[in-house]
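Biologist: Hi! Could you walk me through this one, starting with the ligand?
Modeller: Happy to, here it is.
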Amino acid sequence: MPVTPGDWPGRALTCCEASANQSGAAARRARGVTGSRWSRADSGRLDVSVPSMAEDKGKEMKLVTCTAPVNIAVIKYWGKRNEELILPINSSLSVTLHQDQLKSTTTVAASRDFKEDRIWLNGKEENINHPRLQSCLREIRRLARKRRSSGDGNSNTLTLHHKIHICSVNNFPTAAGLASSAAGYACLVYTLAKLHGLEGELSEIARQGSGSACRSMYGGFVQWIMGVKEDGSDSIAQQIEPETHWPELCVLILVVSAEQKPVGSTAGMRTSVKTSPLLKYRTEIVPKRMKEMIEAIKRQDFELFGQLTMKDSNQFHATCLDTFPPIFYLSDISKRIINLVHRYNSHFGETRVVYTFDAGPNAVIYTRKQHVDEFVEVVKHYFPPEENGEQFLKGLPVNPVSVSEHLKSSIRMEPVKAGIQYIINTRVGPGPQLIEDSNLHLLGEDGLPKQ
Ligand SMILES: Nc1ncnc2c1ncn2[C@@H]1O[C@H](COP(=O)(O)OP(=O)(O)OP(=O)(O)O)[C@@H](O)[C@H]1O
Ligand SMILES: C[C@@](O)(CCOP(=O)(O)OP(=O)(O)O)CC(=O)O
């Protein structure tokens, strides 16, 4: 999906939920809906009210909208021991990115007038029978029934019997190695939980949409504990520190390519599990790395955090190369970025910037506030943006500074024009949010995507 400049300015969001009482006409429209045709509610205002049991007997549609963040692992998850339940072969750890820059937004509507469950993703109707989507829907409904029968919480009986419509958008490229599945499934599970009035541990369900999604259920610094139980009930995410813990930590995403990647994470890790001896060795190394990484984060030790992050990214990509046939996620530009980071750090004799790469060529750079301006300038110098290209710097503002000749002579690299398409400047952020403003629902009064 192309990213339009209008996607970038962020908005702080708060909580609430809304239900729309449909007019008879709107309800009839929803009943008559077929195929993937989009139509727009012709009468404007949504009547926002919390449904009561009396209203339940009438034509009632309950709408909930939430957002969820992307997370980028510093200790990577790669490989499953159970494909169906999505149970990993090692624990992993990530940083949740701020939703002012990158987020999924999902609206779920429940109505007795809906004939079937449906989903629209980034403006296009998708198959609701996708097994991972079905796992999330099934598990949320199971949890809602369980909570209801145990009289726990305020689980909402109204919505349990109704079919639902789901509409979701990402404000960044989907399936391009920017963790859209993590934000997307976390958002879906969180929104469904709000619809059913469910609180508490939900990462076990998000995990069944996409493994890395369980970590997007929390803000700040998050570990996914691999667990040992066969039913996966102990394979859950846990927050290590909240988003406020390390205020100097900054994140730059260097987008090399926003194209869909040739080998998806699911297929890639499946082949690695079958063929890579290095991946087996990795499972022995990760437990110690996890401990050290948690310590580094707690102590705000950037040197250790950085060394572990880069080594873990490199080992993940070495595992991909050790897979047979090999998987290449890093491009020549990615490798140049790796060299640039090492030369930059060695010029200063300390770790100032660190890289990590997921299943794609885009670099995620972790650094501290005091180095952002200079490093962005260095990136611009070695990867000069295309004139008339799209806006190069998105997200948080950066102050222009000059790069010293001394630094340039240490780095000594040939600039590559337009090697990097754009940079997203962001920071550590909170977990999923419920949206208060009913104007922001992605589904209209008729239960169909607004155009
Ligand atoms: N907002 C969303 N709501 C529901 N599902 C989504 C959403 N966004 C993405 N997905 C699902 O995730 C899939 C993309 O996942 P994929 O792993 O291929 O890419 P990625 O998550 O962007 O990259 P990576 O996991 O390697 O960082 C989509 O095809 C779709 O099925
Ligand atoms: C390289 C990674 O980003 C892999 C993410 O894999 P996914 O979570 O997308 O895979 P599935 O569980 O099959 O959906 C590393 C990470 O995020 O830890």
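Modeller: Strand S10 (163–170) and helix H5 (180–195) each give at least two residues to the shell around ligand 1. Helices (H or I, at least four residues) and strands (E, at least two) are DSSP runs, numbered from the N terminus. This is a predicted model: local features need pLDDT of at least 70, side-chain atom pairs count only at pLDDT 80 or more, and totals for chains, interfaces and linings use all residues. Residues are numbered from 1 along each chain as its sequence is written, while chains are lettered from A and ligands numbered from 1 in the order in which they are written.
Biologist: Which element supplies the largest share of that shell?
Modeller: H5 does, with seven residues.
Biologist: And which residues come nearest to ligand 1?
Modeller: Ser168, Ser180, Ser181, Gly184 and Ala359, out of 22 around the ligand. A residue is near if its C-beta atom, placed from the backbone, lies within 6 Å.
Biologist: Where does ligand 1 lie relative to the domains?
Modeller: Between domain 1 (5–241 + 432–440) and domain 2 (249–427), because both give residues to its shell. Those bounds come from an automatic or database domain assignment.
Biologist: New topic: what is the strand order in the open sheet?
Modeller: S3-S6-S11-S12, four strands with antiparallel pairing; two strands pair if DSSP finds at least two bridges between them. S3 (71–75) and S12 (237–241) are at the edges with a single partner strand each, so one side of each has no neighbour in the sheet.
Biologist: How many bridges join S3 to S6?
Modeller: Four, and S6 covers residues 92–96. One of the residue pairs is Ala73 with Ser94 in S6.
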